[in-house]
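The following note collects comments on the submitted coordinates, set out as numbered points. Each point takes up one region or one kind of contact.

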Amino acid sequence: TDARMDGGGVCVPNRDGRIEQDEIPLRAGLRAIYRATTDVALDTRGEEVGDGRRRWDFSGALPGDRDVLVETVALDGAWYESDFTGADYVSALSIQSELLGVFEIGGGALRLRGVVSPEDGFSRTNLENEPPVDALQFPLEEASEWESDVTVTGCALGVFGTYSETYSSRVDAAGTLVTPFGEFEVLRVRTELLRVAGVTRTT
């Protein structure tokens, strides 16, 4: 896809079925508009179109559709900045929560260092992943797979705790995605998260 960045610059795909780190704009100061909704059943299997490729048509309107601005923001001056030295930016994780993911770029991966609330205070969230989660591992191509075993420590809504997580990711499909903004050649990444807190296991 073409991803236009503040201050100029553009990411142009070469359509070779492989996504290198330098083909994706990753840094603080980027912004994009996403069309989003919640509580809607959506079939992500798509349609088989031959040669192992799929076609996903998400161009139709869905109940509750709205355009959402998503930004990558530098940590400069943030209350949690000193806890994440070397991190590159924070960005919203969900349209249903104010929590921010703290990301770092390097070593051939986009890494999730932790999760924080926008504001400090009694009910703050400040969770650190050790080691960081490889949210994306480059290059991305069909059948790429990776795993991160993580210990999460810190405060969630003001309550201190620690638990473990395992992220198992795989590029499990390739094809064409049809959206209200146009058609794009895509790779689909499936991530399964297993969280173990005491005797409670959540997938």
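1. P131 is located in strand β11, and the peptide bond that joins E130 to P131 is cis, with omega about -5°. The model is a predicted one, and this assignment should be read in that light. Most peptide bonds are trans.

2. A second cis bond deserves the same attention. The peptide bond leading from F138 to P139 has omega near -5° and is likewise cis. Whereas P131 belongs to strand β11, P139 sits in the loop between β11 and β12.

3. The residue preceding the cis bond in β11 also takes part in strand pairing. Strand β11 (residues 126-137) pairs with strand β13 (residues 145-156) in the antiparallel sense, over 5 bridges. Within this pairing, E130 stands opposite T151 of β13. E130 is thus a convenient reference residue, being joined to P131 by the cis bond and placed opposite T151.

4. Strand β13 has a further partner. It pairs with strand β14 (residues 159-179), again in the antiparallel sense, and 12 bridges are found between them. T151 has S164 as its bridge partner in β14, while E130 stands opposite T151 in β13. The hairpin of β13 and β14 has 2 residues between the strands, and L157 in this hairpin adopts a positive phi near 55°.

5. Two aspartates also call for inspection of their backbone angles. D39, which is not a glycine, has a positive phi of about 55°; D51 has a positive phi near 55° as well. Most residues other than glycine have a negative phi. D39 lies in the loop between β4 and β5 (47-50), and D51 in the loop between β5 and β6 (53-57). With a relative accessible area of 78%, D39 is classed as exposed. D51 is exposed too, at 82%.

6. Which residues form the salt-bridge network that includes R18? R18, E20 and E141 are linked in such a network. The salt bridge of R18 with E20 has its closest N and O atoms 2.6 Å apart, and that of R18 with E141 has an N to O distance of 2.9 Å. The R18 and E141 pair links distant parts of the chain, since R18 is in strand β3 (residues 18-19) and E141 in strand β12 (residues 140-141), 123 residues apart. Relative accessibility is 30% for R18, 29% for E20 and 29% for E141. These values lie between the limits of 20% and 50%, so the three residues count as partly exposed.

7. The whole structure contains 15 salt bridges, and another of them joins the side chains of D43 and R45, at 2.9 Å from N to O. Side chains of opposite charge can pair when their charged atoms come close. D43 is partly exposed at 44% relative accessibility, whereas R45 is exposed at 58%.

8. How many aromatic pairs does the structure hold? There are 2 aromatic pairs. In the pair of W79 and Y80, the ring centres are 5.5 Å apart and the planes stand at 80°; the arrangement is therefore edge-to-face, as the angle is over 60 degrees. W79 has a relative accessible area of 25% and is partly exposed. Y80, at 4%, is buried.

9. A polar contact in a loop merits a check of the side-chain placement. T72 is in the loop between β7 (66-71) and β8 (89-92). Is T72 buried or exposed? Its relative accessibility is 14%, so T72 counts as buried. A polar atom of the T72 side chain lies 2.6 Å from the backbone oxygen of R27.

10. Finally, the surface carries a nonpolar patch of about 290 Å², made by I33, L69 and F181. Of these residues, I33 belongs to strand β4 (residues 31-36), and its relative accessibility of 47% places it in the partly exposed class.

How values were computed: Residues numbered from 1 in each chain as written. Predicted model: local features only at pLDDT ≥ 70, side-chain atom pairs only at ≥ 80, totals over all residues. Heavy atoms only, no water. Salt bridge = Lys/Arg side-chain N within 4 Å of Asp/Glu carboxyl O. Buried < 20%, exposed > 50% of the residue type's maximum accessible area, 1.4 Å probe, protein only. Helix = DSSP H or I, 4+ residues; strand = E, 2+ residues; numbered from the N terminus. Phe/Tyr/Trp six-rings, centres within 6.5 Å; stacked < 30°, edge-to-face > 60°. Patch = residues over 30% accessible without salt bridge, like charges linked within 9 Å, V, L, I, M, F, W, Y side chains within 5 Å. Areas by Shrake-Rupley, 256 points an atom, 1.4 Å probe, with all protein chains shown as cover. Pairing = 2+ DSSP bridges. Polar contact = N/O pair within 3.5 Å; in protein donor to acceptor, adjacent residues only side chain to side chain.
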